[in-house]
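Please examine the sequence and the structure together before reading on. The explanation below moves from the overall fold to individual residues.

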Amino acid sequence: MRTHGMTKAATLCAALVCAALAGTASAAPEKASSPPRAAAQRGSERVLVDCSWKARVRPTDFVLACGDGNSRLTSLRWSHWGAHSAVAEGRSLVNDCDPYCAAGTFHSYPVVVRLERPERWSRHPDLRHYARMTLTYPEGGPEHLARVVTYPLWS
């Protein structure tokens, strides 16, 4: 019994490490996007950088686990996109990876997304990108995550 618990804990830790190493920003092509130059021409427009290093403005989808796509945000509806923060509501799709990720099931959770800490983007210094994302699961989220989770984003 003790071995099973330790195996399950080790598997969960390994999955979290893989997700962290894969990155916490997105890679999926977006319909609602702006190229860096267009965003810069608008002056103070902030961008969200995906793991394909593309600048996105008010994306409807955003991949959180770039390496394997096992965590993503979908159906994002932005109520605010400003100089210091942005807020959206949508769905968080997370693979439970049970018994392993390729055979796992995706679960959908309502989520509130908050972007903060705009910083100069090293690849395009004329742009400022949001550097922190906070996810709040108002109805509860994946069992391995807290109700509120904050991630650093690509720079």
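The paragraphs that follow describe the architecture, the nonpolar core, the aromatic rings and a few single residues.

The model shown here is predicted. The protein contains 2 helices and 8 strands, and from the N terminus on these elements run α-α-β-β-β-β-β-β-β-β. Of its 155 residues, 40% count as buried. The exposed surface of the protein amounts to about 8,700 Å², and carbon and sulfur atoms supply 55% of that area. Contacts that span the sequence can also be considered: among those between residues at least 6 apart in sequence, 46% join residues at least 24 apart.

The interior comes next. The largest nonpolar core has 27 residues, and the members that touch the most others are Leu73, Trp78, Trp81, Val113, Leu115, Met133 and Leu135. Two or more residues of this core are given by each of strand E1 (46-49), E4, strand E5 (85-95), strand E6 (106-121), strand E7 (124-136) and strand E8 (148-152). Strand E6 provides the largest share, with 5 residues. Leu135 illustrates the contacts of a core member. When residues up to four places away in sequence are not counted, Leu135 touches Leu64, Leu73, Val111, Val112, Val113, Arg147, Val148, Val149 and Tyr151. Among these partners, Leu73 and Val113 are themselves listed with Leu135 as core members that touch the most others.

Aromatic rings form a further set of interactions. A pair of aromatic rings is described by the distance of the centres and the angle of the planes. The structure holds 3 aromatic pairs. In one of them, Trp78 and Trp81 meet edge-to-face, with 4.9 Å from centre to centre and 85° between the planes. Both Trp78 and Trp81 are buried. Ring pairs also bring in Tyr130, which is linked with Trp78 and Trp81 into a cluster.

Another pair is formed by Tyr109 and Tyr137, which are likewise edge-to-face, at 6.2 Å centre to centre and 85° between the planes. This pair links distant parts of the chain: Tyr109 lies in strand E6, Tyr137 lies in the loop between E7 and E8, and 28 residues separate them. Are these two tyrosines, Tyr109 and Tyr137, buried or exposed? Tyr109 has a relative accessible area of 17% and therefore counts as buried. Tyr137 is buried because its relative accessible area is 1%. The cut-off behind both assignments is under 20%.

One ring has a charged partner. The charged end of Arg123 sits over the ring of Trp53, at 4.1 Å from the centre of that ring.

Two residues in other strands complete the picture. Thr74 has its place in strand E4 (residues 71-81). Its relative accessibility is 13%, so Thr74 counts as buried. Leaving aside neighbours within four places in sequence, Thr74 is in contact with Thr60, Asp61, Gly90, Arg91 and Leu93. Val63 belongs to strand E3 (residues 62-63). Because its relative accessibility is 6%, Val63 also counts as buried. How far apart in space are Val63 and Ser92, C-alpha to C-alpha? The two residues are 29 residues apart in sequence, and their C-alpha atoms are 9.7 Å apart.

Definitions and conventions:
Residues numbered from 1 in each chain as written. Predicted model: local features only at pLDDT ≥ 70, side-chain atom pairs only at ≥ 80, totals over all residues. Heavy atoms only, no water. Helix = DSSP H or I, 4+ residues; strand = E, 2+ residues; numbered from the N terminus. Buried < 20%, exposed > 50% of the residue type's maximum accessible area, 1.4 Å probe, protein only. Contact = heavy atoms within 4.5 Å. Core = buried A, V, L, I, M, F, W, Y, C linked by side-chain atoms within 4.5 Å. Areas by Shrake-Rupley, 256 points an atom, 1.4 Å probe, with all protein chains shown as cover. Phe/Tyr/Trp six-rings, centres within 6.5 Å; stacked < 30°, edge-to-face > 60°. Lys NZ or Arg CZ within 6 Å of the ring centre and 35° of its normal.
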